[in-house]
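Here is a short set of exercises for you to work through at your own pace. Have a look at the model first, then try each task before reading its solution.

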Amino acid sequence: MEEKKYRSKYKHVGQPYDRKDAQEKVTGQAIYAYDLEFPGMLHARCLLSPYARARIVSIDTSAAKALPGVRAVLTGEDSDILVGLYMQDKRVLSKGETRYHGDVVAAVAAEDEETAEHAVSLIKVEYEPLVPVHDVDEALEGKTLVHEDINDLKHYVGVFFPQKDSNIASWNKSKKGDLETAFSESDLVVENEFSLPAVAHVPMETHVAIVQADPYSNKLKIWTSAQSPFAIRQIMADSFGISETDVEVHIPYVGGGFGGKAGIHLEPLATLLSKAAGGAPVKVRATREQEFNQLPTRAGMRGRIKTSVNNDGTITGMQATYDWDSGAYADYGVNVGKTAVYSGIGPYRVENASIDSKTIYTNKVFSTAYRGFGHLETHWTIERQIDILSQKLGIDPYEFRMKNLLEPGDKTMSGEVLTVSSGSPKDCLTAVVKEIGWTGRKSEEEREEEWKTGKVRGKGFAMLQKAPAMPANTATSVIMQMNGDGHVKMMIGAVDFGQGAITALAQIAAQELDIPIEHIEISAEIDTRANPYDWNTVASKLIFLGGNAVIKASHEMLRKMKDVAGQALRTDPENLLHANGEIYHRHDPTRRLTYKDVALGYMYPNGTGIGGPLIASGSSMADGLTNLHPETGQGNPAAVWTFGAHAVEIEVDVETGNVTVLKVASAFDIGQVINEKLVYGQICGGVLQGLGSAVLEGYKFNSDVQLMNPSFTDNKIPTMKDIPLEIVPIYIENPQHNGPYGARGVGEHPMISVPSAIGNAVYDALGINFHVLPLSPEALVLGIQSGKKSILCTDVDCLPGLH
Amino acid sequence: MDKDCSMYIEHVESGKRKVTLSLTVNDRLVVRDVDPQMTLLHFLRDELKLFGTKEACGEGECGACTVIMNGKAVTSCIILAIEAEGAQITTVEGLAKDGKLSILQEEFVSQDALQCGFCTPGFLMSTRALLDSNADPSDEEIIETLSGNLCRCTGYIPILNAVKRTIERERKELGR
């Protein structure tokens, strides 16, 4: 059993408290959008395009409409509403042309799911199949445009850059220094290509949305399994041309998100169906197959990287080109592409660099945010490249990284200057390398000797970094009210979909107010009519921004309490201190009141009241961030960087190609642990998701760009059989000067660079550099059998359109 | 109870063929007229309103809908309700007794063996069925059994820790 060694210097912050939602979740009381029922509620089913790209010639819905129990049947002819987070490029229902095998062609709302399903089967559609855009190369040729109207698409101007008459939804760029000189004057220039397929988020609760469109007003009532209630509110208002206040969004417990529920998905369709059915609530629930082939995924990516180094191991230049296969729609994909231009050279000091990142339309399943978005992908490129450079230079990969890692005073890709409070990449790397007992790479002789036993061990490691990818004006807020019993009710606008946010934020409040965590009342359920604003629950930003908002609200609460207590105790509030739920005079502790005494206003013995119910609020906004320069990518995009490193030891079965992970050591400079149990949970969960991307998962498309593996049978995710024999979490605590108690976010980071570390360990074991994910048994066997030392996509028999 | 199919009483209700089904769920005898095509999962949720049992794939692949039927863990999404005629069923709602969480539930809480919680009822029921048939399974037996349940949040290690702690505590506190 894992021994928990972490000791916190604080009473509540850092303590391994049980999560607040745990009891409801182990007793079956936790209610999700999937569980909700309303009087008169209808159920929806969708007809999806059977082609990746086709012209809809005709649709006959008459038989479906005539079926008893059917209340609404919709096609693209019924609505022209466009939705999209950053690019308004997605029709709720296809019209004219379908853009992926999963586009909604028609939808039915009926009294029960079976009737809706039956009605869908009665809809007759005539298609004219069109040749799809298979991959990023075809898309870049631009002979066929996925969006003919790309020049007219409404988008977030100045941040994303759609290219005219092309399939490029956004081309983001960054550059600094003099790359040409660096490449011509350095001792060695190495160029490589790496790729990885699309991967599904797989939340256990599929996407569910229930919408009731009030027939007597503009009001939309939405209950949904989503991460970002206020983003849904704003996008729904924009798309339907109504006021944000007309949209009420309710989020009950959410069964996992990982970014897949960060945007807006089934809500617009449920809205149209509700309107068509006279305002009845309509529930749209994705089946597991639809979760794979209709709802968005992580984009596949190809990275081309060219790096110059000197023989002493100094990196002098880096040029990276990232091509993201975003599928049919941009969704969060353009923002994923954008992160690559400020984070896409890794945590290294590189004075001369350029990055081109293109988010590209094809006719595949569209893409969105996925845990640490853009970073697992770019780090697969960078950290494999760094390893290969160290092989070519003959320098130990630990020494090589240490020589080039960012330090205080160094500049990031976008020109931010790091300080001592930015966290330390070097501390992270040193800790994990020590933990796995790294003594240098295997020699060729050692490999050959071990190969004879059929099993070869290898060690590898990789760096990671990520800052919240968020608009420069990102904000969140907290409302606190004291209950009559002296407990504190706290409301936030962000969603706890399992990451433990409500517990961690309650710990910060408990610390500030000095009351037991049980005295903090906080609900995971969000209602935009009551809860205060939060931008999006994404990006590992909540502990940082939300934690600061909690501190501000707590300070206001204490000040207001002390103002009332000062009057009651006949002293200046400045003389008052607080501890253990009581306020007392600093020089005479016998003059004291409990929080309860002032919670709803203080009452004198004669009944006269002063004060009133105590209420406080706190807002927190990203400070000093800027948009990036469109050509140079210079600016300040990152509120807070979290650096980290993974080191792994693996064993490869050279006959079966099976990779067994013996040990993973993971270090993150999180500044301050808020809840050790929750951090450990994020590390175990993130590492295993990363292992899924490393050795198991990936979308497979056939030559018609149909998804071949939209089920758990064919799209395996890790099970308990896949856990590493040992995971060692290491918490580095170099405090962040403006973080709550010095803390930084860590929700996404454990997933990043797990594939890179495994890939580097595979090289140590086999002496073969893999440039493609997943490192599945098939890929390893084919790679070994090929006899090559570098394995590209074509060497492992990728299905057409995989990359 | 007799499981002879001839005891089903078939009749037609508002145009749909129905059969009368009686079984014991969480120690309570229930009798309902059901569509013979209804799954046990839908019976538990739609008829009995026991919403703790979840559907996450509907194909018996993920284990989220696991309940205990006559002592065995079954995926209720691929079992017909009528197959449970006369059966003893336990769902997640039946784990806590007398207003107190079971040791298994307590350990899932204290080991943080859950995050979003959607797969949790399935894991609890698979574990309960295992420990009821084998009070001291090896790590390999636990992993083999629980590899039929998918979780995307926890990375399984906290779940394994919770199960091992449960075994230890049940031995000490319940003399299992």
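Three exercises follow, each with a worked solution.

This is a predicted model, in which local features need pLDDT of at least 70, side-chain atom pairs count only at pLDDT 80 or more, and totals for chains, interfaces and linings use all residues. Residues are numbered from 1 along each chain as its sequence is written, chains are lettered from A and ligands numbered from 1 in the order in which they are written, and side-chain values use heavy atoms, with hydrogens and water left out.

**Exercise 1. Describe the overall build of chain A.**

Step 1: Start with the secondary structure, taken as DSSP runs (helices: H or I, at least four residues; strands: E, at least two; numbered from the N terminus). Chain A has 19 helices and 33 strands.

Step 2: Compare the radius of gyration, taken over C-alpha atoms, with the globule rule, 2.2 Å times the number of residues to the power 0.38. Chain A comes out at 27 Å, close to the 28 Å given by the rule for 803 residues, so it is as compact as a globular protein of that length.

Step 3: Add the burial, where buried means under 20% relative accessible area, exposed over 50% and partly exposed in between (1.4 Å probe, protein chains only). In chain A, 67% of the 803 residues count as buried.

**Exercise 2. Characterise the largest cavity.**

Step 1: Fix the term: on a 1 Å grid over the protein atoms alone, a cavity is a set of points where a 1.4 Å probe fits but cannot get out, and lining residues have an atom within 4 Å of a point. A volume is the space filled by probe spheres set on the points, which are joined across faces, edges and corners.

Step 2: The largest cavity has a volume of about 630 Å³. Of its 36 lining residues, those closest to the centre are A:Gln499, A:Ser540, A:Gln682, A:Gly747 and A:Glu748.

Step 3: Helix 17 of chain A gives the most to this lining, with three residues. Helix 14 (501–513) and helix 15 (542–568) of chain A are also among the elements that give two or more.

**Exercise 3. Examine helix 14 of chain A.**

Step 1: Check the length against the expected span, 1.5 Å times one less than the number of residues. With 13 residues, helix 14 of chain A reaches 18 Å from first C-alpha to last, close to the 18 Å expected.

Step 2: Turn to burial: 13 of the 13 residues of helix 14 of chain A are buried.

Step 3: Look just past the end, where A:Asp514 follows helix 14 with a positive phi, near 55°.

Terms used. 1 Å grid on protein atoms, 1.4 Å probe; cavity = no way out; pocket = protein on both sides within 12 Å on 5 of 7 lines; lining within 4 Å.
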